Amino acid sequence: MYRNILCLALGLIIGIQLTDFLEYFQLTDSQFASTAITQLEEGATPQLATEEELALWLQNETRVLCMVLTLPKNHQSRVRRVRGTWGRRCNKLIFISSQEDRELGVIDVGVPEERNNLYLKMRKALEYVYQKHGEDYDWFLKADDDTFVIMENLRFLLYPYDPEAALYFGHRFRTSFPQGYMSGGAGYVMSRDALRRLNLFAFNNSQFCPINNMSEDRQIGFCLQNVGVVAGDSRDEEGRDRFLPLSLKFMLPTFPTNNWLPKLTFYEPVNETGSSSGISFHYVKTHEFEMYEYLLYRLRIFGTPLSQRSLPPRLGPDELQNQLNQWAQENSTNSNAWLQQD
């Protein structure tokens, strides 16, 4: 019933034929049911001996396509660094540029390289990915070429949620529209249904998703909100951010108070930073990719015990709907935030 009310309201607002929306939701209930590779009874999780085995299993269970925005001048530097480090752990890795390089997996979306064109460039990237791979993966990650992503922790976050839910995650910013948006630099990840809604409904409607030269992340957030995609809360149990929009040197050991971030973040920041299940950090310098790779994946400290964790349970349909409703009704808790105007 909730879906029918939503599609009716959307159809009345923009004048799109109601039957288009009804047919879409019928498809999402049948043809586009969850396509996770490993089906487990009643939300059960596999009983594996180690976290390493669970992470390997999760790589095929929660499939993530990674889109990385880049420039031609960065193909031989940052692109190669991403490919050689965290990008290897994506199920599919695509670089978005204005110059093709088949060897490196870079595509040309035909948008000139100007900062005012980033939003249009991202739209073209999302159109391309939907057309070529829209039903082949569960989640779709957008990152910059100076972002480092811990894919194992990203999949750990995403595992409980059905990719057919209209949902996306990232570092949430506050703005003039209620839901806010996710930081582009920290990276944001959208479900298969969110990508589908953008392409079927948002990009085809100038009221839902106008073309302009405003910031990429804010405008994509505006489009997602207007087609019913919910902004999820990706913080850990202690309220610490997992997606970091700044370099680690500015985010540790406490939340920064002397720059723009405290006034923009959606949630009231907690003082302590450095989540043990962190996912991403931004403004990574070219020479730092291998450093992070070494510290995260190769360095082992003798005598330091590692606790064995299990995967969180998958949410059932009612639990998932309740969670989406809760997030959709959230208001910003950051009393110091200033609003970005249209």
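How many disulfides does the structure hold? In this predicted model, there are two. Counting the bonded cysteines along the protein chain, the pairing runs 1-2, 3-4.

Take C66 and C90 to begin with: their sulfur atoms sit 2.1 Å apart, and the link is left-handed, with -95° about the S-S bond. This pair joins distant parts of the chain, with C66 in strand β1 and C90 in the loop between α4 and β2, 24 residues apart. C66 has a relative accessible area of 0%, so it counts as buried. C90, at 8%, is buried too, because the cut-off for buried is under 20%.

Then there's the link of C209 and C223, with sulfur atoms 2.0 Å apart and a right-handed twist of 80° about the S-S bond. C209 is in the loop between α7 and α8, while C223 is in helix α8, so the disulfide ties together parts 14 residues apart in sequence. C209 is buried at 1% relative accessible area, and C223 is buried at 0%.

Now for the nonpolar cores. In soluble globular proteins, nonpolar side chains tend to be buried together. The largest nonpolar core here has 80 residues, and W86, F169 and M190 have the most contacts inside it. Strand β1 gives the most to this core, namely six residues. A second, separate core has just five residues, among them L54, L58, Y159 and L311.

Finally, the largest pocket holds about 1700 Å³ of space. It's lined by 41 residues, with E51, N153, S276, L296 and R309 the closest to its centre. Helix α3 gives the most to the lining, with seven residues. By type, the lining splits into 20 nonpolar, eleven polar and ten charged residues.

Key: Residues are numbered from 1 along each chain as its sequence is written. This is a predicted model: local features need pLDDT of at least 70, side-chain atom pairs count only at pLDDT 80 or more; totals for chains, interfaces and linings use all residues. Side-chain values use heavy atoms; hydrogens and water are left out. A nonpolar core is a set of buried Ala, Val, Leu, Ile, Met, Phe, Trp, Tyr and Cys residues joined through side-chain atoms within 4.5 Å. Buried means under 20% relative accessible area, exposed over 50%, partly exposed in between (1.4 Å probe, protein chains only). Helices (H or I, at least four residues) and strands (E, at least two) are DSSP runs, numbered from the N terminus. On a 1 Å grid over the protein atoms alone, a cavity is a set of points where a 1.4 Å probe fits but cannot get out, and a pocket is an open set with protein on both sides within 12 Å along at least five of seven lines; lining residues have an atom within 4 Å of a point. Grid points are joined across faces, edges and corners, and a volume is the space filled by probe spheres set on the points. Ala, Val, Leu, Ile, Met, Phe, Trp, Tyr, Cys and Pro count as nonpolar, Asp, Glu, Lys and Arg as charged, and the others, Gly among them, as polar. A disulfide is a pair of cysteine sulfur atoms within 2.5 Å.
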